[in-house]
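The following exercises concern helix packing and the surroundings of selected residues. Each task is followed by a solution in steps.

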Amino acid sequence: MIKLKNFMKKSFCAMVICFSAGIFSSCASMGKTKEIDLSNSISVEAEEGGLYGVDQASELEGYSGQGYVTFSSVNEGSLLEFNVDVEKDGDYCIFLRLFTEIQDSDFRRAVRMQLEEGEKIIASQRLPETGRFKNVQVNTVAHLNKGKNVFYLSSLCGEFSVDKIFFVEANEDLVLNTKPDHKLSNPKSTNNTQALYDYLLTLPGNGILSGQQIYNRSQPEIKVLYETTGKYPAVLGIDLIDYSPSRVKHGTKGVVASNGIKWWKEGGIVSVCWHWNAPNGLVDKNEKDMHWYDGFRPSATTFDFATALNNPDGQDYKDLIRDIDTIAIPLKQLSDAGVPLLWRPLHEASGGWFWWGASGSDSYIKLYRLLYDRLTNYHKLNNLIWVWNGQDPEWYPGDDVVDIITYDSYPGARKYVTQENILSQIRSASALPKLYALSENGPLPDVKQIAEDKIPWIWFCTWDGEFTITKKNEYSEVHTEKSVLLDFYSNPYLITRDQLPDINVEDN
C-alpha cells in the first residue's frame with residue numbers, strides 16, 4: 001500500500017479565471033499574481049470567423065480588430081466557427097477574451113467549445129462576470145494537429161461577447177490552471193479528508209474507482225460482488241435515510257454509520273447520501289408513493305420547505321434545523337472514527353421527484369447552502385467532501401460550497417455507456433475546474449471506453465438491490481451481465497479496494 005502521509009504535498013492550488021485587458025492575463029495562484037504573456041500565442045479575431053446566428057458588434061469599448069461577436073442563448077444552435085493553424089502537433093491552452101455584464105443576481109452564462117473532428121466537445125464552463133473585455137482561461141487542454149484545426153464556439157445559456165481567442169502552447173503552470181484546486185471548500189478539513197481528496201485529484205484520466213451502494217447492515221450486495229469477482233469495490237455507498245426523525249417516529253433505526261466505519265478500517269472509501277424524509281406533513285396513505293416511508297417524495301408530504309426557509313421563526317424552519325442537527329450525529333460518529341466522507345446531500349434535485357427539488361432551483365440552492373453552513377460552521381464537521389448532485393447546472397449552489405460534481409446514470413438495463421455527453425453538461429455548472437463522478441448507476445458504465453478515451457469520471461457507485469442482486473441474494477444479470485461485470489472488474493483502469501493507497505494518515 002502507498003502511504004499518503006506525505007502524498008501530494010505539491011499544491012494544485014490555482015485559480016482558473018485569468019484575465020487582463022491586454023496581451024497579459026493576471027492569474028492568481030497560491031495567493032500571488034502571475035502575468036501570462038499572450039503576445040506569442042496564436043490568436044483569432046472572433047469577428048473574422050463564420051457567424052451562424054450570432055452578431056458582430058462594436059458598441060462596447062476595449063475590443064481589438066474590427067469588432068466582436070455577441071452570443072445569446074435565445075438563438076439556440078447559434079455558433080462561431082473559426083480556424084486555428086498550428087505549426088506542429090501538441091497540447092494547447094486556450095483563452096477567451098470576453099465581456100459579460102455585471103448582474104445584481106447570480107445570472108448564469110456558460111460556453112461550449114467543440115473541435116470539428118467528430119464535433120468532439122472539448123470544454124464547457126460557466127463564465128465569470130467581467131464588466132469589460134478580459135481574458136478568461138478555458139478549463140481544458142486541447143490537443144491540436146499540425147495544420148488547420150476547426151473549432152465551434154456556442155452559448156449554453158446567457159449572453160456574452162467574444163473579442164478574441166488565444167491558443168498558447170501548454171506548459172506546467174497553464175495546465176495547472178485547468179485542474180481542480182487542491183483546497184477543499186472547507187479550509188478546516190481533517191488530514192484524512194484532505195488526503196482522500198489529494199488522492200482523488202490523481203485519478204482523472206488515470207483510473208476509476210469501483211463502487212457499490214448498500215441499504216442495510218447485512219450488505220448482501222458487497223458479499224455477492226466479492227463472491228462473483230473475487231474483489232471488493234473501492235467505494236461503499238451508504239444512505240442515512242433511516243436516521244430521519246419522521247421515519248424514526250415510525251420505528252426505523254439508523255445503523256449504517258457502523259458499516260462506514262468498518263469499511264474505512266478495512267481500507268475502503270465511504271460515500272454518503274440522505275433520502276431525507278420530510279420533517280413533517282407526511283400524508284401516510286395506503287397509495288403508491290404516499291406512505292410514511294415515501295416521505296422523501298413530494299406526493300407523500302405537504303411540507304413546504306420554500307415557505308419554511310422564508311420564515312426562520314416558524315415551526316417548519318425549526319423542524320428543518322432539527323433534522324439537520326439529527327443527521328449531524330451519525331456524521332459526527334464517522335468523523336470521530338477518522339472517516340472522510342464523500343457527502344452527497346439533496347441529490348437529483350432538478351428531477352422534481354424529491355421534496356427538496358419540488359420548489360424550484362432558487363429554494364433548493366438556499367436549502368443546500370443552509371445545510372452546508374449548519375454542518376460545516378455550526379457542527380464543525382470537517383470530514384465532509386461536498387458532492388453536488390443536482391443534475392442540472394441551473395441548480396448549482398456555487399463553487400464555494402461544492403468540491404465534486406456528480407451525475408446519476410440510469411441509461412437502461414444492459415446499456416453500458418460512458419456518459420461523456422453528460423460530463424460536458426455538468427461541467428458547465430461551475431466556473432472553476434472540479435472533479436466529476438457517476439455517483440449512482442444502474443448498469444456499469446463502459447469502463448473500457450472510459451479508459452481508452454481517458455474520460456475523467458473518478459468513481460461510479462452501482463445502486464443497491466435489484467441492480468446487483470436477486471431476491472435470493474444471488475448476482476443479478478438484469479442490469480449488468482455477469483460477463484461484463486467480470487470483464488470490467490478485471491480491467492486495469494478500474495480500481496478496487498485492494499488497490500487503494502492507505503489514506504488514513506492520522507493513524508500513520
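Throughout, contact means heavy atoms within 4.5 Å. The structure is a predicted model, in which local features need pLDDT of at least 70 and side-chain atom pairs count only at pLDDT 80 or more, while totals for chains, interfaces and linings use all residues. Residues are numbered from 1 along each chain as its sequence is written, and side-chain values use heavy atoms, with hydrogens and water left out.

**Exercise 1.** Determine which residues H275 is in contact with, leaving aside neighbours within four places in sequence.

Solution. Begin with location: H275 belongs to the loop between β17 and α6 (305–309). Helices (H or I, at least four residues) and strands (E, at least two) are DSSP runs, numbered from the N terminus. Next, take accessibility, where buried means under 20% relative accessible area, exposed over 50%, and partly exposed in between (1.4 Å probe, protein chains only). H275 counts as buried because its relative accessibility is 9%. Then list the partners: D239, I241, S244, F296, H347, F354, W356 and W463. Finally, the side chains of H275 and D239 form a polar contact at 2.6 Å. Such a contact is a pair of N or O atoms within 3.5 Å; within protein, one must be able to donate a hydrogen and the other to accept it, and residues adjacent in sequence count only if both atoms are side-chain atoms.

**Exercise 2.** Describe how α5 packs against α7, and establish which residues of α5 are buried.

Solution. First, the geometry: helix α5 (residues 256–265) and helix α7 (residues 315–336) pack at about 20°, their axes being 10 Å apart. The pair is therefore roughly parallel. Axes are lines fitted to C-alpha atoms, for helices over the stretch in contact, and angles run from 0 to 180 degrees between N-to-C directions. Angles under 35 degrees count as roughly parallel, over 145 as roughly antiparallel, 65 to 115 as roughly perpendicular and the rest as oblique. Second, the contact: A257, G260 and I261 in α5 meet P330, Q333 and L334 in α7. By class, this contact of α5 with α7 has four nonpolar, two polar and no charged residues. Ala, Val, Leu, Ile, Met, Phe, Trp, Tyr, Cys and Pro count as nonpolar, Asp, Glu, Lys and Arg as charged, and the others, Gly among them, as polar. Third, burial: seven of the 10 residues of α5 are buried, namely V256, A257, N259, G260, I261, W263 and W264. Their cover includes α2 (191–201), α3, β16 (235–239), β17 (269–273) and α7.

**Exercise 3.** State at what angle α3 and α11 pack, and which residues make the contact.

Solution. Helix α3 (residues 220–229) and helix α11 (residues 482–489) pack at about 80°, with axes 10 Å apart. The two are therefore roughly perpendicular. From α3 come L225, T228 and T229, and from α11 come K482, L485, L486 and Y489. The residues of this contact of α3 with α11 divide into four nonpolar, two polar and one charged.

**Exercise 4.** Q391 and K454 have positive phi without being glycine; is each buried or exposed?

Solution. Q391, with phi near 80°, lies in the loop between β19 (384–388) and β20 (404–409). Its relative accessible area is 11%, so Q391 is buried. K454, with phi of about 50°, lies in the loop between α10 and β22 (457–462). At 52% relative accessible area, K454 is exposed.
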